[in-house]
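Me: Could you take me through the largest pocket of this model in some detail, and then show me how it fits into the rest of the chain?

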Amino acid sequence: MIVESYEDVVKLSGRLRSNFWETIHTAIALTLRRHPTGVIVDCSGIDEVTTEGADTFYDAIRFVGEHDEARIILAAVPPHMAEVLKHVPNVRSQLPVVATVEEARRSLDLLLKGETEGKKKKKDVRREYDRLIIACLAGDAGDAHLFRLVVDLIDTVPAKVLLLYPILVPRDKPVTAPLPQDEERAAAALEAGATWMTGRDIPSEIRIDRGRDLATVLNDAAEETGAVQVVLSVPELKDGDDHCLKTVAAVIERVKAPLVMVRAARG
């Protein structure tokens with residue numbers, strides 16, 4: 001097994017027939033020092049892998065998980081390796097896999113600003129501002145209506161706005177799995193929100209939270225930050241869209257903070 005390390009990538013080449021964690025441990029540790037948000041493991045050079053060899057990644061998952069906010073992503077996994085990983089439960093359920101190193105890097109980079117800036121300032125939010133309002137974006141036309149309502153709320157009582165974009169990960173994927181389309185949409189929505197607030201001299205920060213369902217993500221964020229109000233942009237309800245209705249009902253039931261829902265005009 002050959003181990004190479006450059007930038008945020010650890011590249012493995014050769015045969016992975018046994019647990020090589022002790023061999024790659026140093027490379028992953030050094031990579032995390034350079035890039036605390038995560039490490040990409042390039043598997044394109046792996047010629048052979050066994051279930052024993054796949055245990056290497058279980059140890060890697062545990063190690064990276066000990067570092068706050070860090071993620072590990074496998075890239076360019078050959079078909080023969082993907083087949084073996086399916087039969088290693090602890091790895092299969094926890095390890096995000098993407099097609100290319102570029103896709104993995106884009107996922108880490110898109111989330112970097114929202115996840116690090118937002119969470120680094122959580123304690124400061126309560127100290128510097130008496131009120132915090134969470135504005136939960138949907139990434140569609142309804143967000144503009146949400147922004148206007150938030151401005152009206154701020155005009156009444158000064159507050160800081162936490163622009164939150166929830167990325168909901170299917171239960172058949174690890175919660176850290178890259179979702180390129182959702183992440184790009186999140187980045188665009190948060191940038192638009194930050195620009196809107198800055199243009200009106202409203203203090204704000206951006207944040208991306210990942211989870212399985214919207215109600216839990218919103219309630220956890222509200223309790224964590226002590227938000228006095230949660231404003232949610234609701235997608236346009238279409239006839240027969242039972243899933244959206246169930247999501248709205250779950251949010252109403254779960255979120256304990258005062259809640260306002262905003263929806264764009266129906267088409």
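Reply: Happy to. A residue counts as buried here when its relative accessible area is under 20%. By that cut-off, 46% of the 267 residues in the protein chain are buried. Please keep in mind that this is a predicted model.

Let's go to the pocket itself. The largest pocket holds about 660 Å³ of space. Its lining is made up of 26 residues, and those closest to the centre are Leu168, Leu214, Pro235, His243 and Thr247. By character, the lining residues divide into 16 nonpolar, three polar and seven charged.

Where does this lining come from? Five elements each supply at least two residues: strand 7 (160-168), helix 8 (180-199), helix 9 (214-225), strand 9 (229-234) and helix 10 (242-254). Helix 10 gives the largest share, with six residues.

Helix 8 is a good place to step from the pocket to its surroundings. Besides supplying at least two residues of the lining, helix 8 carries tryptophan 196, whose partner, phenylalanine 147, sits in helix 7 (residues 142-156); the pair therefore ties together parts that are 49 residues apart in sequence. The two rings are tilted, 5.5 Å centre to centre, with 35 degrees between the planes. Phenylalanine 147 has a relative accessible area of 5%, and because the limit for a buried residue is under 20%, phenylalanine 147 counts as buried.

That is one of two aromatic pairs in the structure. The other one joins tryptophan 21 and phenylalanine 63, again tilted, at 5.5 Å centre to centre and 55 degrees between the planes. Since tryptophan 21 belongs to helix 1 (residues 21-34) and phenylalanine 63 to helix 2 (residues 51-65), this pair ties together parts that are 42 residues apart in sequence. Tryptophan 21 and phenylalanine 63 are both buried.

Now for the chain as a whole. The protein chain has ten helices and ten strands. Taking contacts between residues at least 6 apart in sequence, 78% join residues at least 24 apart. On the outside, the accessible surface comes to about 13,500 Å², and 50% of this belongs to carbon and sulfur atoms.

To return to your pocket: if you have the structure open, start from Leu168, Leu214, Pro235, His243 and Thr247, the lining residues closest to the centre, and then look along helix 10, which supplies six residues of the lining.

Conventions. Residues are numbered from 1 along each chain as its sequence is written. This is a predicted model: local features need pLDDT of at least 70, side-chain atom pairs count only at pLDDT 80 or more; totals for chains, interfaces and linings use all residues. Side-chain values use heavy atoms; hydrogens and water are left out. On a 1 Å grid over the protein atoms alone, a cavity is a set of points where a 1.4 Å probe fits but cannot get out, and a pocket is an open set with protein on both sides within 12 Å along at least five of seven lines; lining residues have an atom within 4 Å of a point. Grid points are joined across faces, edges and corners, and a volume is the space filled by probe spheres set on the points. Helices (H or I, at least four residues) and strands (E, at least two) are DSSP runs, numbered from the N terminus. Ala, Val, Leu, Ile, Met, Phe, Trp, Tyr, Cys and Pro count as nonpolar, Asp, Glu, Lys and Arg as charged, and the others, Gly among them, as polar. Buried means under 20% relative accessible area, exposed over 50%, partly exposed in between (1.4 Å probe, protein chains only). Contact means heavy atoms within 4.5 Å. Accessible areas come from the Shrake-Rupley method with a 1.4 Å probe; for residues, only the protein chains shown count as cover. Rings of Phe, Tyr and Trp (its six-membered ring) pair if their centres lie within 6.5 Å; planes under 30 degrees apart count as stacked, over 60 as edge-to-face and the rest as tilted.
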